[in-house]
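Hi everyone, thanks for making the time. I'd like to walk you through one structure, starting with its empty spaces and then moving on to a few residues. Let me put it up on the screen.

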Amino acid sequence: EKAFWMTMNDFVRIFNVHYYCKILPEDDWQTVRRSGVFPATGGGCVNFPSWVQNEQILLDVEDEADVVITLTQSDDKYQKDRETTNKNSRPAIGIVCHKHNFGEVNLGKIKKLVTMRSTGIELISDYSSTREVYCSGKLGIGRYVIIPSTFDPNSGCNFWITIQSSERINVFAGAEVEWDEKFNDPKLEGDNEMEQDLVQAPTHPSHTFEEDTKTIAIRAAAKMVAELTILARSLEQRKDGLEAKLLALHKKVAEVQ
């Protein structure tokens with residue numbers, strides 16, 4: 001391991017791509033991995049009613065935890081058969097982590113999330129045609145569902161999802177979950193009550209990895225607007241709840257007097 005110093009002007013003149021790797025303490029963090037397949041028919045992001053056909057990974061968070069969720073798709077360099085049958089061999093992928101009180105897994109007949117709301121989203125990634133995408137943040141005590149998907153439906157490719165957390169999180173997916181029969185209907189459609197449609201990150205020619213500053217700024221601004229919208233709705237609901245509690249408290253005081 002070595003370090004060196006250089007001026008900022010030299011840095012931006014010499015380098016045009018910057019990669020960084022977040023190292024998490026293995027002794028203190030839990031890592032859980034699951035594999036799956038994007039639907040060959042249906043699926044896609046929440047912009048499409050078929051989003052509900054994507055695999056749903058359930059989380060039971062018993063203590064507030066910092067989490068990093070990473071979605072990885074197959075490396076097309078090692079999947080030459082796919083390259084010959086599908087020119088667009090690396091679809092845009094993304095992650096949504098949404099509140100979902102799914103009940104007790106050991107009792108079976110679990111309900112899928114079928115309505116996506118802006119106020120229910122806790123974490124969300126960009127939708128990008130890269131090998132992997134991730135989202136990170138803090139999850140409070142409660143139950144959640146992770147929905148990995150491609151941006152457009154009908155992908156049918158493999159994926160792996162990695163959930164890293166500062167506290168132990170119970171993860172249920174695949175054969176571990178017995179869904180209620182009505183949620184296995186291949187024609188099942190989901191509802192979208194999002195404030196705005198999801199957007200796909202700009203794609204770039206395969207011969208270059210450069211991104212101009214305007215594109216980066218626009219994408220960052222769009223993501224910030226989406227996050228602020230979700231936060232504003234959440235704060236508005238919290239405000240309404242506090243006002244109701246304050247009104248009830250005033251009534252009790254008046255009754256005592």
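Let's begin with the second largest pocket, which has a volume of about 470 Å³. Its lining takes in 24 residues, and those closest to the pocket's centre are Gln196, Val199, Ala222, Lys223 and Ala226. A quick word before I go on: what you see is a predicted model, so please keep that in mind throughout.

Which element gives the largest share of that lining? Helix 3 does, with 9 residues. If you'd like to find helix 3 on the screen, follow residues 213-256; together with strand 6, at 121-124, it is among the elements that each supply at least two lining residues. By character, the lining of this second largest pocket splits into 12 nonpolar residues, 6 polar and 6 charged.

Now let me step back to the whole chain. There are 3 helices and 11 strands. Reading from the N terminus, the order is α-β-β-β-α-β-β-β-β-β-β-β-β-α. The chain has 257 residues, and 36% of them are buried. As for the surface, about 16900 Å² is exposed, with carbon and sulfur atoms supplying 52% of that. And here's one for those of you who like contact maps: among contacts with a separation of 6 or more, 83% join residues 24 or more positions apart.

On to the closed spaces. How many cavities of 30 Å³ or more turn up in the whole structure? The search finds 1, and the space in the largest cavity comes to about 50 Å³. Its lining is made up of Gly44, Cys45, Val46, Trp51, Asn54, Val96, Met116, Tyr127, Ile147 and Ser149. Of these lining residues, 7 are nonpolar and 3 polar, with no charged ones.

Cys45, which we just met in that cavity lining, leads me to the cysteines. Is cysteine 45 buried or exposed? Cysteine 45 counts as buried because its relative accessibility is 1%, and the cut-off for buried is under 20%. Cysteine 157 is also buried, with a relative accessibility of 4%. In case anyone was about to ask about disulfides, the structure holds 0.

Let me finish with two residues in strands. The first stop is histidine 98, in strand 4, which covers residues 93-99. Histidine 98 has a relative accessibility of 5%, so it counts as buried. What surrounds histidine 98, once neighbours within four places in sequence are left aside? Its contacts are Leu113, Thr115, Met116, Arg117, Gly120, Ile121, Glu122, Tyr144 and Val145. You may recognise Met116 from the lining of the largest cavity.

The other stop is tyrosine 134, which sits in strand 7, residues 132-139. Tyrosine 134 is partly exposed, because its relative accessible area is 39%, and that class lies between 20% and 50%. Not counting residues up to four places away in sequence, tyrosine 134 touches Tyr20, Val68, Ile69, Thr70, Ile95 and Ser125. If you trace from tyrosine 134 to isoleucine 93, you cover 41 residues in sequence, while the C-alpha to C-alpha distance is 9.9 Å.

That's my tour. Thanks for listening, and I'm happy to turn the model around if anyone wants another look.

Definitions and conventions. Residues numbered from 1 in each chain as written. Predicted model: local features only at pLDDT ≥ 70, side-chain atom pairs only at ≥ 80, totals over all residues. Heavy atoms only, no water. 1 Å grid on protein atoms, 1.4 Å probe; cavity = no way out; pocket = protein on both sides within 12 Å on 5 of 7 lines; lining within 4 Å. Points joined across faces, edges and corners; volume = space filled by probe spheres on them. Helix = DSSP H or I, 4+ residues; strand = E, 2+ residues; numbered from the N terminus. Nonpolar A, V, L, I, M, F, W, Y, C, P; charged D, E, K, R; others polar. Buried < 20%, exposed > 50% of the residue type's maximum accessible area, 1.4 Å probe, protein only. Contact = heavy atoms within 4.5 Å. Areas by Shrake-Rupley, 256 points an atom, 1.4 Å probe, with all protein chains shown as cover. Disulfide = S-S within 2.5 Å.
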